[in-house]
Amino acid sequence: MTGISIYGVVTDVFRETYTEKPVFSLRIQDATGTIWVKLHFTESWSLGRLSLGHTAYISSLTCTMTEQKRLEARWFEDDLGTSFVNVSCLPAILNSSCLHNQSYLAHLSRQRTGIHICRVWLDQIEHCHVNTRLAHAVCGHFVKTTPSGSVECEFCRCSCETETRRAFHLKITVADESGKAFAWCTGQTAMELLQISPDEFYELPEEEQVIYPCSLENERYIVAIVNCKQHDAIFKECAAIENDVVPWEITRALKL
Ligand SMILES: [Zn+2]
Ligand SMILES: [Zn+2]
């Protein structure tokens with residue numbers, strides 16, 4: 001079967017180790033079930049940041065039955081007319097009402113999968129955690145420095161000394177009329193919430209870094225929130241280092 005499209009929630013993602021060119025295994029879940037998709041790249045991962053709980057739309061998939069009698073879909077980066085959209089991180093998800101139903105923070109615990117769009121303000125800002133770390137530019141995941149001093153991306157399974165950029169690691173409480181949620185975020189989303197770039201923030205004197213977030217108390221935003229907690233994912237450990245086991249990720253934000 002060819003030309004298949006899928007729309008669903010990412011429940012696992014990791015790079016295969018045995019291939020020469022990068023191949024990532026992606027597990028996608030929708031209302032009807034779960035499927036593994038093999039993503040084939042020509043040089044390196046090129047889809048921006050993708051993590052557990054994000055919603056993706058993938059087109060031009062080819063489906064085959066594996067030797068283990070498991071249905072497997074394949075996606076090739078260089079196939080003509082192919083597309084891969086991380087819907088949870090799409091700017092349009094927040095400002096086009098045809099793409100979402102507005103939700104409330106109190107609904108998060110009732111419906112864990114999918115994208116929640118909520119109108120929130122920043123709350124208990126004195127308890128927020130703002131930090132900057134180095135992230136791999138192509139995939140947005142934080143890098144780690146090995147004991148031998150080399151810089152590695154565990155998501156792409158590569159060394160990436162020259163391809164890093166500073167990114168926020170933000171853990172913050174958001175609130176609306178219905179309740180509160182403690183969530184984390186990084187990248188463009190954290191920049192929008194904090195209204196400053198990670199490089200500018202990093203340059204601030206330490207005492208200014210501490211008081212900076214207080215200037216944002218009660219600012220209002222529209223945000224996309226997803227549940228990033230997955231018990232049985234191979235990527236679980238990497239994700240847990242990133243989200244510090246905070247179960248909710250803000251994948252997109254827009255200041256109102
Ligand atoms: Zn990477
Ligand atoms: Zn941190």
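Reader: Before turning to single residues, how should I read the contacts in the chain between residues at least 6 apart in sequence, and what share of them join residues at least 24 apart?

Author: The general idea is to ask how far along the sequence the partners of a contact lie, and in this predicted model 64% of the contacts between residues at least 6 apart join residues that are at least 24 apart.

Reader: What does the secondary structure of the chain come to, and how does its radius of gyration stand against the globule rule?

Author: There are five helices and 15 strands in the chain. The radius of gyration is 19 Å, which is close to the 18 Å given by the globule rule for 256 residues, so the chain is as compact as a globular protein of that length. The C-alpha trace spans about 60 × 45 × 30 Å along its principal axes, and 50% of the 256 residues count as buried.

Reader: What does the chain expose, and how far apart are the mean positions of its charges?

Author: About 12900 Å² is exposed, with carbon and sulfur atoms supplying 50% of that area, while the mean positions of the 23 positive and 32 negative charges are 7 Å apart.

Reader: Which residues are the protein donors of the zinc ion (ligand 2)?

Author: To read a metal site, one looks for the donor atoms and then for their places in the chain. Here the protein donors are His 129, through NE2, and His 169, through ND1, and they lie 2.1 to 2.2 Å from the zinc ion. Because His 129 belongs to strand S8 (residues 129-136) and His 169 to strand S12 (residues 164-176), the pair ties together parts that are 40 residues apart in sequence.

Reader: Are His 129 and His 169 buried or exposed?

Author: The two are best taken in turn: His 129 is partly exposed, having a relative accessible area of 29%, whereas His 169 is buried, with a value of 0%.

Reader: Where is Arg 15 found, and is this residue buried or exposed?

Author: Arg 15 is found in strand S1 (residues 4-15), and since buried means under 20% relative accessible area, its value of 15% makes Arg 15 buried. Beyond its neighbours within four places in sequence, Arg 15 is in contact with several residues, including Glu 20, Phe 24, Phe 155 and Arg 157. Arg 15 and Glu 154 are 139 residues apart in sequence, yet 9.0 Å apart in space from C-alpha to C-alpha.

Reader: In which strand is Glu 72 found, and with which residues is Glu 72 in contact?

Author: Glu 72 is found in strand S5 (residues 71-76) and is buried, with a relative accessible area of 8%. Outside its neighbours within four places in sequence, its contacts include Trp 36, Lys 38 and Cys 63.

Technical notes:
Residues are numbered from 1 along each chain as its sequence is written. Chains are lettered from A and ligands numbered from 1 in the order in which they are written. This is a predicted model: local features need pLDDT of at least 70, side-chain atom pairs count only at pLDDT 80 or more; totals for chains, interfaces and linings use all residues. Side-chain values use heavy atoms; hydrogens and water are left out. Helices (H or I, at least four residues) and strands (E, at least two) are DSSP runs, numbered from the N terminus. The radius of gyration is taken over C-alpha atoms; the globule rule is 2.2 Å times the number of residues to the power 0.38. Buried means under 20% relative accessible area, exposed over 50%, partly exposed in between (1.4 Å probe, protein chains only). Contact means heavy atoms within 4.5 Å. Accessible areas come from the Shrake-Rupley method with a 1.4 Å probe; for residues, only the protein chains shown count as cover. Lys and Arg count as positive and Asp and Glu as negative; His and the chain ends are not counted. The place of a charge is taken as NZ of Lys, CZ of Arg, CG of Asp or CD of Glu. Donors are N, O and S atoms within 2.8 Å of the metal (3.2 Å for Na, K and Ca); water is not among the atoms, so sites may look incomplete.
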